[in-house]
Amino acid sequence: MNHQELLVEEMITALTTKQTTQLAQHVDFPSIDREQISWLIDVAQNETLAWQALVKGVHHAQVALLLHERVGETKRGSKERQLLVLAGDLFSSYFFEELASLPQTALVSLGRTVQRVNEAKCALHEENYASTEEYVLLWLTAEFGLVQGLATISGRDWLTEHGQRLIRQRALALKPRAQQLLLSHLEQMAVA
């Protein structure tokens with residue numbers, strides 16, 4: 001097992017312990033994506049930062065966002081809905097717990113990043129975009145804005161090989177025109 005694989009394995013073990021709560025009996029938590037964690041580690045590693053806290057924090061924020069998105073798929077007032085909200089709030093608290101160990105600049109940056117991601121998700125949900133290009137840019141922010149924010153903090157490139165592969169995989173869910181435009185943007189960003 002190489003060094004990167006060992007780091008990924010250790011991180012997944014640490015993250016898995018956060019999912020073994022009482023809520024896990026009632027809520028289907030998103031699975032921990034090994035390739036996503038490897039990408040986050042690639043982007044976060046920095047000798048001057050507590051990069052493990054950054055990776056954990058970003059992961060917890062992603063889980064919280066995913067759980068809160070699923071709330072709309074449930075019946076109002078149902079126990080399932082209440083438990084999803086609680087689970088999303090729990091992972092938000094894990095996010096803040098990790099942020100507490102970071103310098104204030106990282107805290108502010110990640111807070112703004114979460115705000116940008118939420119705004120992009122709202123714009124997509126409300127179909128508040130004027131063109132396919134604007135849609136693609138919103139989609140990139142909604143899906144991968146947390147990784148971009150992480151890269152801003154660590155000073156590393158967010159568009160690693162892992163990242164490009166994951167973006168291409170998720171882009172398969174887009175309509176053909178949006179997918180084509182995204183892949184064109186991706187090629188331009190990778191070259192820049």
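Which helix gives the largest share of the lining of the second largest pocket? The largest share comes from α3, which supplies six residues.

## Basis of the description

This is a predicted model, in which local features need pLDDT of at least 70 and side-chain atom pairs count only at pLDDT 80 or more, while totals for chains, interfaces and linings use all residues. Residues are numbered from 1 along each chain as its sequence is written, and side-chain values use heavy atoms, with hydrogens and water left out.

Helices (DSSP runs of H or I, at least four residues) are numbered from the N terminus. A pocket is an open set of points on a 1 Å grid over the protein atoms alone, where a 1.4 Å probe fits, with protein on both sides within 12 Å along at least five of seven lines, and its lining residues have an atom within 4 Å of a point.

## The two pockets

The largest pocket has a volume (the space filled by probe spheres set on the points) of about 540 Å³. Its lining holds 20 residues, with Leu65, Glu69, Asn118, Lys121 and Cys122 nearest the centre, and the elements that give two or more residues to this lining are α3 (51-70), α4 (79-99), α5 (104-125) and α6 (132-154). Helix α5 gives the most, with nine residues. By class, the lining has eleven nonpolar, six polar and three charged residues, where Ala, Val, Leu, Ile, Met, Phe, Trp, Tyr, Cys and Pro count as nonpolar, Asp, Glu, Lys and Arg as charged, and the others, Gly among them, as polar.

The second largest pocket has a volume of about 370 Å³ and is lined by 20 residues, of which Gln36, Gln62, Val63, Leu66 and Arg170 lie nearest its centre. At least two lining residues come from each of α2 (34-44), α3, α5 and α6, and the lining divides into ten nonpolar, five polar and five charged residues.

## Packing of α5 with α3 and α6

Two packed helices are described by the angle between their axes and the distance between the axes. Axes are lines fitted to C-alpha atoms over the stretch in contact, and angles run from 0 to 180 degrees between N-to-C directions. For α3 and α5 the angle is about 25 degrees and the axes are 12 Å apart, which makes α3 roughly parallel to α5 (angles under 35 degrees count as such, over 145 as roughly antiparallel, and 65 to 115 as roughly perpendicular). In contact (heavy atoms within 4.5 Å), Leu54, Val58, Ala61, Leu65 and Glu69 of α3 meet Leu110, Val114, Val117, Asn118 and Lys121 of α5; these comprise seven nonpolar, one polar and two charged residues.

Helices α5 and α6 pack at an angle of about 170 degrees with their axes 8 Å apart, and they are therefore roughly antiparallel to each other. By class, their contact has 13 nonpolar, seven polar and two charged residues.

## Around α2

The axes of α1 (residues 3-17) and α2 come within 9 Å and cross at roughly 110 degrees, and the two helices are therefore roughly perpendicular to each other. Gln4, Leu7, Val8, Glu9, Met11, Ile12 and Leu15 in α1 meet Arg34, Ile37, Ser38, Ile41 and Asp42 in α2, a contact of seven nonpolar, two polar and three charged residues.

His162 lies in helix α7 (residues 161-171) and touches Glu35, Ser38, Trp39 and Asp42, not counting residues up to four places away in sequence.
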